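I open my notebook here and keep a record of what I looked up, entry by entry.

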Amino acid sequence: MKKLSVCVFIVFSMISFVMITPTWSGQKKPSGCECLAPAGAGGGWDFTCRVPAAQLMQKLDLIDGAMKVVNMSGSGGGKAFAHVVTSRNTDESLIVAASAATATRLAQKVYGDYKADDVRWVGALGMDYGVVVVGKDAPYKTLDDLVNQLKSDPRKAPIVGASSVGGWDHIKMLLVAKEAGIKNLRSINYIPFDNGGKALLEVVSGRAAAFTGDTSEIIGQLNAGEVRVLAVLSDNPVPALGDAKTAKSQGYNVIGGNWRAFYAPAGISDDAYGFWVSAVKAVAGSPEWTELREKNGLAEFTSFGKDFDTFVRKQIENVASISRELNIIK
Amino acid sequence: MFELLLNGFSVALSGLNIVLVFIGCFLGTVIGMLPGIGPINAIAILFPIVLQFELPPSSALIFFGGIFYGSQYGNSISSILLNVPGTSSAAVTCIDGNPLAKQGKAGPALAMSAVASFSGGTLSIFMLIFFAPYLSKLAIDFGPAEYFVLMVCAFTALTGFSQGSFIKAMFSAFLGLAIATVGIDELSFGGMRRFTFGIRELGDGIDFIVVVIGVFAVGELMLFLSDFASDKSQKIVPLNKVLLSFKEIKESAAGILRSCVTGFLVGVLPGAGATIASFLAYNTEKKLAGSKGKFGRGDLRGVAAPESANNSSAVGSFIPLLVLGVPGSETTAVMLAALITLGVTPGPTMLVDQPDMFWGVAASMFLGNLVLIILNLPMVRVLAKILLVPRWILMPLIAMLSIVGVYVINGSEFDLILMLIFGVVGFIMRKTGFPLAPLVLGLVLGGLIEVNFRRALTYSYGDYSTFYESPISIGLWVITFASLLVPLIFRFIKKQRQ
């Protein structure tokens, strides 16, 4: 009995020692880090946690030991967001994968009353730019052609995508339509599918007029010559898409894409926040990441710390404003 | 093409891949056998390990493939022995498998399931190799309207239930449909929350596995407890017969073949799946057997058909995955997500860029099916003896597996509560003689039938003629009506003769 209590004492003191150890004092690298992926294994958020965070932060010697990846799916990331705010608010060893979908859902109140202020936005290290794509035999040659059809008779131009109605893929198309001066955004016929691949088959077969989605979803069909890109929603042409024109160069000033990023709990110290910002910055600047990023069809895009925080808020405001126009939110 | 196939074999027979096929098939059988943990969760759990070892994409797919079709072998075992399907696609196997076990014929039922799985699996690999490019065209031609008609066709499987219980079967199926409506409606602006009663967790809908485990496994447990309390001590079923006779195989051969083709075609369509395949195959065989069959009361053909179909459907679902880069089922969706993380670009270029993947996987399936039949046939004797294990030992084990299997999906306690609720539902249904399989059918079809109906009508702006415009839809309507009318006509002719 005495032996047992001694053992318990030792174990407890070890645990408390580990917990008390100031992981953020000066140069010391943090240990026992965790990345929370708000969805199941495989897919965007899981990738963000497993590859740039877990794999590269350890490889680049930014953290001590391995980084644990935890999958927590539910409510389109809402479960993980709520978990971070309510029970991990001061956990300095935690970062969470995020993307444009996170911002969209915050803007549309899908996460209930949670706001962008409830977490700290760390940084982004890649972008899957939005694209508008048609089948290889489609009559539309330019974005103007498609927009004119949408203006004259939207019934003849069903649009497909992978997000739900009012979701990010749908909104990207509506941003183009709004820029083109289409007043009744609800007149655009949008049909959601389970994933980008299935939605793309709708334009390959000719059932749908156009597909709105992300670059990485279309590379395969594009290289096979089954689809054409009408526009990519980026500032500059995206190398992976060949000579595809940007929407901007065709007179539609719409930039949109699915960025890959991280947030951290709101209650962590400035030191800890500063550490995560610099760690993500270090990964984003590494040649290892450049290689893996390109392999996964992501374009270059970086934004950190305060800049990134402003970026996220601006996107949330944009999505909120178009969502109000659509009567999705009040 | 032979060159490519030979190359595929050289990929499949390389040291690492042989080991992966073995481990995959073995794990698959076990995972399939255990109610709760299905291939989707197994692959999701194993994926980080694959990433850690930096396996090449073709090896990862060979491994995951082994787990997937291996689970279609194992899933009938608990259906037959315990009346609890290992995965949802084996829910149909319960209908005849479990009565067989109760008659002391667990051995032949298990052996038949292994033989049918092997035949269905192997034959479908040939179809995969020869017809993949043509069949991928079929996957493209299937639009929302065609899917809707296919689902209607699958629904006629309900008429396969005998007249007396037809109303009960309908009720059971509608309960499944109702459960499928719970959650956020992705097709409405702003995501309408349907039947969520303000409960946040219900927004994601009710996970399929939670319902299946609830009504089958937990329901069975409650039934056991109630029998135990009323002192109806379950007598142990003697094992009358262990081996399968050649005559029995011969009787089922045609059915296995037909089910294999049905299963494969349904598998090829991204958006149908193994569960629908097994229902369609069972229904066809039952209708063809007519009154001569003992379907529903323990017919070996009722085990052979769904098992052949769900295995060939698993193989078929690799066509959209590998030829088009589009996942054909939830399991292949997880596989594709894993491949993307490993750096594979999804799309039709996969076949050209990574020929090792298609041909390596096809070749490994031959090997895998051999491994599985060698693994499964001798196990029949051992497995059949599970029935001799006293229930008070077996039941707590099932309880444990159920809880783990449900918890592992989302790590949510709420799912466990739901599981218990559905357990009560399952218990009441069993007590009152409502069949459980139609509930699974309703649940699977519910979401698909609605979403495709609405997509098709959104395309056509509410014009219903979209449902009988294409030759595929018309063909499917013909099959649907034939399946409803032919048995009636036969019955009428028979009456006239008497």
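**Entry 1: two long-range helix pairs in chain B**

Before judging how two helices run, I wrote down the cut-off I need: angles over 145 degrees count as roughly antiparallel, and angles under 35 degrees as roughly parallel. I also noted that the model I am reading is a predicted one.

I then looked up helix H6 (residues 106-141) of chain B and helix H16 (residues 355-384) of chain B, whose axes come within 9 Å and cross at roughly 175 degrees. That angle is over 145 degrees, and therefore H6(B) and H16(B) are roughly antiparallel to each other. When I listed the residues that make this contact, I found on the side of H6(B), among them, Ala106(B), Leu110(B), Phe118(B) and Ile129(B), and on the side of H16(B), among them, Ala362(B), Phe366(B), Asn369(B) and Leu383(B). Sorted by class, the contact of H6(B) with H16(B) has 17 nonpolar and five polar residues, with no charged residues.

Next I turned to helix H7 (residues 144-155) of chain B, which packs with H20(B) at an angle of about 10 degrees, the axes being 9 Å apart. Since that angle is under 35 degrees, H7(B) and H20(B) are therefore roughly parallel to each other. Here Ala145(B), Glu146(B), Val149(B), Leu150(B), Val152(B) and Cys153(B) of H7(B) meet a set in H20(B) that includes Ile472(B), Leu476(B) and Trp477(B). By class I recorded nine nonpolar, two polar and one charged residues for the contact of H7(B) with H20(B).

**Entry 2: a residue of H20(B)**

I placed Arg497(B) in helix H20 (residues 471-497) of chain B. Is Arg497(B) buried or exposed? I noted it as exposed, because 6 other C-beta atoms lie within 10 Å of Arg497(B). I also looked up its separation from Ser252(B): the two are 245 residues apart in sequence and 29 Å apart in space, C-alpha to C-alpha.

**Entry 3: strands of chain A**

I began with strand S1 (residues 34-37) of chain A, which is joined to S2(A) by four bridges, the two strands running parallel. Glu34(A) stands opposite Lys68(A) of S2(A). Following the chain from S1(A) to S2(A), I passed through helix H2 (residues 44-59) of chain A, and this β-α-β crossover is right-handed. Along strand S2 (residues 68-71) of chain A the side chains alternate, with Val69(A) and Asn71(A) pointing to one face and buried, while Lys68(A) and Val70(A) point to the other face and are not buried.

I went on to strand S9 (residues 257-265) of chain A, which is mostly covered, since nine of its nine residues are buried. Strand S3 (residues 94-99) of chain A is joined to S9(A) by four bridges and runs antiparallel to it. Strand S4 (residues 119-135) of chain A pairs with S9(A) over eight bridges, also in the antiparallel sense. Which residue of S9(A) is the bridge partner of Ala97(A)? I found Phe262(A), and Phe262(A) is likewise the bridge partner of Gly123(A).

**Entry 4: what lies over H3(A)**

For helix H3 (residues 78-87) of chain A, I listed the buried residues as Gly78(A), Lys79(A), Ala80(A), Phe81(A) and Val84(A). What covers them includes S1, S3, helix H4 (100-107), S4 and S9 of chain A.

**Entry 5: residues in loops**

I found Ile268(A) in the loop between S9 and helix H9 (270-284) of chain A. Ile268(A) is buried, because 23 other C-beta atoms lie within 10 Å. Leaving aside neighbours within four places in sequence, I recorded contacts of Ile268(A) with Thr90(A), Glu92(A), Arg120(A) and Tyr273(A).

Most residues other than glycine have a negative phi. I therefore checked two residues whose phi is positive: Ser75(A), near 50 degrees, and Asn83(B), near 65 degrees. Ser75(A) lies in the loop between S2 and H3 of chain A and is partly exposed, with 19 other C-beta atoms within 10 Å. Asn83(B) lies in the loop between helix H4 (57-82) and helix H5 (91-102) of chain B, and Asn83(B) counts as buried, with 21 C-beta neighbours inside 10 Å.

Definitions and conventions
Residues numbered from 1 in each chain as written. Chains lettered and ligands numbered in written order. Predicted model: local features only at pLDDT ≥ 70, side-chain atom pairs only at ≥ 80, totals over all residues. Axes fitted to C-alpha atoms, helices over the stretch in contact; angles between N-to-C directions. Parallel < 35°, antiparallel > 145°, perpendicular 65-115°, else oblique. Contact = placed C-beta atoms within 7 Å. Nonpolar A, V, L, I, M, F, W, Y, C, P; charged D, E, K, R; others polar. Buried ≥ 20, exposed ≤ 12 C-beta atoms within 10 Å, placed from the backbone. Pairing = 2+ DSSP bridges. Right-handed = clockwise from strand over helix to strand, strands pointing away.
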